[in-house]
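Reader: I've got the model open. Could you walk me through how to read its overall build?

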Amino acid sequence: MRGFGSMEPLSNRKKVLEQKPMNFWERLYLPAIFQGMGITFRHMFKKKETVFYPEVEREFSENWRGLHSLKRDENGKERCTACGLCALSCPAEAITMIAGERQKGEEHLYREEKYAAVYEINMLRCIFCGLCEEACPKEAIYLDGPIVPADYLRKDFIYGKDKLVEDPIDHRI
Amino acid sequence: MELAFIIEKFILITVIFMVSLGVAAYSTLAERKIAGYLQDRVGPNRAGPGGMFQPLADGLKMFFKEEIIPTDSSAALFILGPSLALLTACIGSAVIPWGESIVIADRVVSLQVTDVNVGVLYIFGVVSLGVYGIMIGGWASNNKFSLMGAVRAASQSISYEIPMGLSIIALLMATNTLSMKEIAEQQHGANWNILYQPLGFLIFLVCSFAETNRTPFDLPECETELVGGYHTEYSGFKMGAFMFAEYLNMFLASTVMSTLYFGGYNYPGMDWVNGITGPLFGPLIGMGVLFLKIFVFIFFFMWVRWTVPRFRYDQLMNLGWKVLIPLAIANIVITGIVITIYDKL
């Protein structure tokens, strides 16, 4: 096996550093210390990077993937038909669902005849890869929410439909 | 001794004690704020306006935390350690002249608790006692890291007391007195000792960093090597006492440096100001100037802490024994020659 010593250089940019003996001023250390202190002093007057989090939130990037939301259509009906493609595509196996059949009188709630009676995502398993939104044929799930908040118990990280389904249209206005 | 004298001294001592504690408490906040600002952050700002009540919150936290005395430690010494550190940090300010004497109702009140004629030696004694708190605490913890920290603290403070003392000797040769009051009086106006002893001041400054266990010489509590150093086993109020002692020491070191080298309460144009303000407020303005100098030094301590990385232990010893002591001796020789020539002229 060839060791690292005999490895061929990937680029010819390798530079062997020559360590010169320090001159008198360098050995004093004081000029270098004053230089460093000048640098830190200048930083006192620079713009602070702090974002005051609970009051101010940093803007997310355009392709940010956060908390999932189950979408409704333009009439406020849930789009999800419980086909299970999201659960199938999920590499972390975070999604489970139980399908239900739409009854008479529920047409204003669910768009298709089949709907997700139970839809749960385990936020501790989810890796926010976004494969579920790519897999969804009904454009029913999007990872367009904020950061998943912290909590104390593991069971509280299993988000059901109460947390995932977006608010009806008239509630949003 | 008359009663008024006792009351006067009692009030003075109480005020100085309170002020030192207040300054030390707010130094903890200032440290974190300055650390923040030097690192493009803002530091603590949640407790009260601008973080004003942070020291109170920290103090309360320390007070209500569980205090653990390790089973294998010697409990009495374990408690004695932080108490001694705090005590020695508090008593040093007794010989500091905080200002010229003020006149209240035809009574001359000295703004110095006691004018010991060996005030400089007293401060040295107190400062070198301070390391005993750390040593005893570290030893009593019965923990390898604590012991290492204590050993480092002891050898460091012994090594750096020598150049510190030698730099003071040169100063004493120039001032001809050991009394803090007289040293302060000699620097009337802008006739500060820093003009005569620049090298001595530099040595004193470096040594006071080492004596107060501040970065770049905070080897005794070096987190990267020794967990917490001498206070690894400490928690709650006793831990707070050690922390507090460090800040009190920093306050004392700043005060001593201001008084010995930077004129204490003296400032250029003080006679003119005193003429206008009278014998009561003039000295108080001088006292304000002294505190301004102290705060500048405290800021300097913190500024250095957040700029210069920690020394390695052998570098620390090299600097102390091979650089500072020869420099301090050279400083004495040069001072002696200059004084002799000056006297002959």
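Author: Let's start with burial: a residue is buried if 20 or more other C-beta atoms lie within 10 Å of its own, exposed if 12 or fewer, and partly exposed in between, with C-beta atoms placed from the backbone. In chain A, 12% of the 173 residues are buried. For chain B, 43% of the 345 residues count as buried. Bear in mind that this is a predicted model, where local features need pLDDT of at least 70 and side-chain atom pairs count only at pLDDT 80 or more, while totals for chains, interfaces and linings use all residues. Residues are numbered from 1 along each chain as its sequence is written, and chains are lettered from A and ligands numbered from 1 in the order in which they are written.

Reader: Which helices and strands does chain A have, in what pattern?

Author: Helices (H or I, at least four residues) and strands (E, at least two) are DSSP runs, numbered from the N terminus. Chain A has 6 helices and 5 strands, running α-α-β-α-β-β-α-β-β-α-α along the sequence. Its radius of gyration is 28 Å, well over the 16 Å from the globule rule, so chain A is more spread out than a compact globule. That radius is taken over C-alpha atoms, and the rule is 2.2 Å times the number of residues to the power 0.38. The C-alpha atoms of chain A fill a box of roughly 90 × 55 × 30 Å along the principal axes.

Reader: And what radius of gyration does chain B have?

Author: Chain B comes in at 21 Å, which agrees with the value near 20 Å for a compact globule of 345 residues. Its secondary structure is 11 helices and 2 strands.
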